[in-house]
Amino acid sequence: MIRILLAFVMLHSASVAAREWIVSPSGDDSEGQGTLAKPYRTLTHVLETGNDIVHAGDTVTLRGPPGKNVYAECSARLLVKINLRSYPGERAHIQCDTSVEDSSVLRIDADASGSLVSNLELSGSQWYGVKMDTDWDRNTKPNGIGASHVTLENLEIHDTGHDGIKITPKSNHVTIRHSEIRNTGVAYSADTPADERNADGIDNVGGSNMLVEDNYIHDIASTGLYFKGGASDVVVQRNRIENVGSAGIRVGFDTSEEFFDTDANPKYYESIRGIVRNNVIRNARYAGIGIHASLDAIVVNNTIVNTASKGQAAIFFGISFQDDDPAAGRPPSVNPLIRNNLVIQNGGDCVEIRWSPKFAGLAALTGNPNTDWNGYYNSSGSCRFVDWRPSALVLLGGAPLARWQSHEETDSHSVEMPFAVDETGHLSAKSPAVGRGVNIKQVTDDIDGERRSVPYDIGADQFVEVGISAPAKARKY
């Protein structure tokens, strides 16, 4: 009897063991078996529930040999936890026509939490390259969740109708790494004004514990990336963000009232304990790094180059109006930590704190901006520091660093000098940024993953002499 029972258990275990399913442009959905010899033809066929092919824990591998790697599919939907990838040594391309209504290239359900999507090219769609779906609703499903613990890595996402990656409320613990996101906003006509386009690299509304690292995000219609709607404990590190129509990175932003979890966040903070470190941001029309209605934001060792050409500032404290909803909180930012940032401008302001007369007066920041040990330079003249709050009349319209230091009682160790970096944000041996920083416990490496040590440098790069050994670089771009 024991032998019979053991045999049954072993047989049952084998029947539910994780499988790998092969998909190929040369395959057949009707006659295929999901093997290398007889692959299926489309990803959608494999993922559809009614076909009962893929199960939780399975791997779906897309063949992607050069010249035969394109899958013309839209809104392929992960419904259970799987590993979706290209065949080793190849790179499959899922391409969705932008004319397909309400389409995304890839969607991930809450029930597919824990999935891994890797080594794929994703392009097109009316909306998003990847969308994390949610079943959370503050009124009907207060305990619902979104697609969580999902990893997106080694992806190339481009030419999307709107955002490259969209993260919805309660899609927590999403990791995005070693990927390139570019050319968002193709759904807009060429004559649509830049300020009217809404197509970010990464748009996170209410997804906490997001990790964004070692990515190259460029040629974006609006903001490179932001996290808002009460997103907490987000880390953004070692990314290059270039050529964006709005801001480089926004810590918080401006969210409609109904998307907040008011049990966890009754004051309507847009971001809580967000960390932005070791990033290079270049060529943003508005803020290099914007801080909006954020609690305990940490912005350290970033390099910000040629930003705020159309308004705001390289480091910008903004107001969240939250659709002017009477129920919303619209809090100012509280207790930021801003250290070791290197700001190199060509006309745009260096730091700004906004104020609005609406609702009897809204300030972007409570108290001191807590900026220090930063390096500032404006090749078009002196850096301008602006505080629009009524208590800072001497800074209305902009003032030099010395007046900012005196009035705000901040930036006492910061300097304004002719700083420069190369096109990738790296320092030269003779840069005045070398050795001018301070040790920050939240920063242990630099944009290349190289260990920081005394003397600490300002900006995303820790200069290393040629020929001196350093840890292997951790980033792809």
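In the predicted model, Y71 stands opposite I94 in β6. This contact point belongs to a pairing of β3 and β6, which run in the parallel sense over 3 bridges. Strand β6 also pairs with strand β9 (residues 120-124), again in the parallel sense, here over 5 bridges. Within that second pairing, H93 stands opposite E121 in β9. Strands of a sheet pair through backbone hydrogen bonds, either parallel or antiparallel. Of the 5 residues of β6, 4 are buried, so the strand is largely enclosed by the rest of the structure.

Strand β6 also carries one end of a disulfide. C74 and C96 form this bond, with their sulfur atoms 2.0 Å apart. C74 sits in the loop between β3 (70-72) and β4 (76-78), while C96 belongs to strand β6 (residues 92-96). The two cysteines are 22 residues apart, and the pair links distant parts of the chain. The angle about the S-S bond is 100°, and the link of C74 and C96 is right-handed. The two ends are set differently with respect to the surface. C74 has a relative accessible area of 25% and is therefore partly exposed, falling between the limits of 20% and 50%. C96 has a relative accessibility of 2%, so it counts as buried, a class that ends at 20%.

The count of disulfides comes to 2. The other bond joins C350 and C383, whose sulfur atoms lie 1.8 Å apart. C350 lies in strand β34 and C383 in the loop between β38 and β39, so the pair ties together parts that are 33 residues apart in sequence. The angle about this S-S bond is -40°, and the link of C350 and C383 is left-handed. C350 and C383 are both buried. With bonded cysteines counted along the chain, the disulfides follow the pattern 1-2, 3-4.

Strand β34 is also a packing partner of helix α3. The helix spans residues 401-408, and its buried residues are L401, W404 and E408. Seen down the axis of α3, these residues fall within an arc of 60°, so they line one face of the helix. An α-helix has 3.6 residues a turn, so residues three or four places apart point the same way. The buried residues of α3 pack against β34 (349-353), β37 (371-372), β38 (375-378), β39 (385-387) and β40 (415-416). The face of α3 turned away from the buried side carries the exposed residues A402 and S406. Just after α3, E409 takes a positive phi of about 55°.

A further region holds an open sheet of 3 strands. Their order is β20-β24-β28, and the pairing is parallel. β20 (231-232) and β28 (294-295) stand at the edges, each with a single partner strand, so one side of each is left without a neighbour in the sheet. Strand β24 (residues 271-272) is joined to β28 by 2 bridges, and the two run parallel. In this pairing, I272 of β24 stands opposite L295 in β28.

Notes: Residues are numbered from 1 along each chain as its sequence is written. This is a predicted model: local features need pLDDT of at least 70, side-chain atom pairs count only at pLDDT 80 or more; totals for chains, interfaces and linings use all residues. Side-chain values use heavy atoms; hydrogens and water are left out. Buried means under 20% relative accessible area, exposed over 50%, partly exposed in between (1.4 Å probe, protein chains only). The arc is that of the directions from the helix axis to the C-beta atoms. Contact means heavy atoms within 4.5 Å. Two strands pair if DSSP finds at least two bridges between them. A disulfide is a pair of cysteine sulfur atoms within 2.5 Å.
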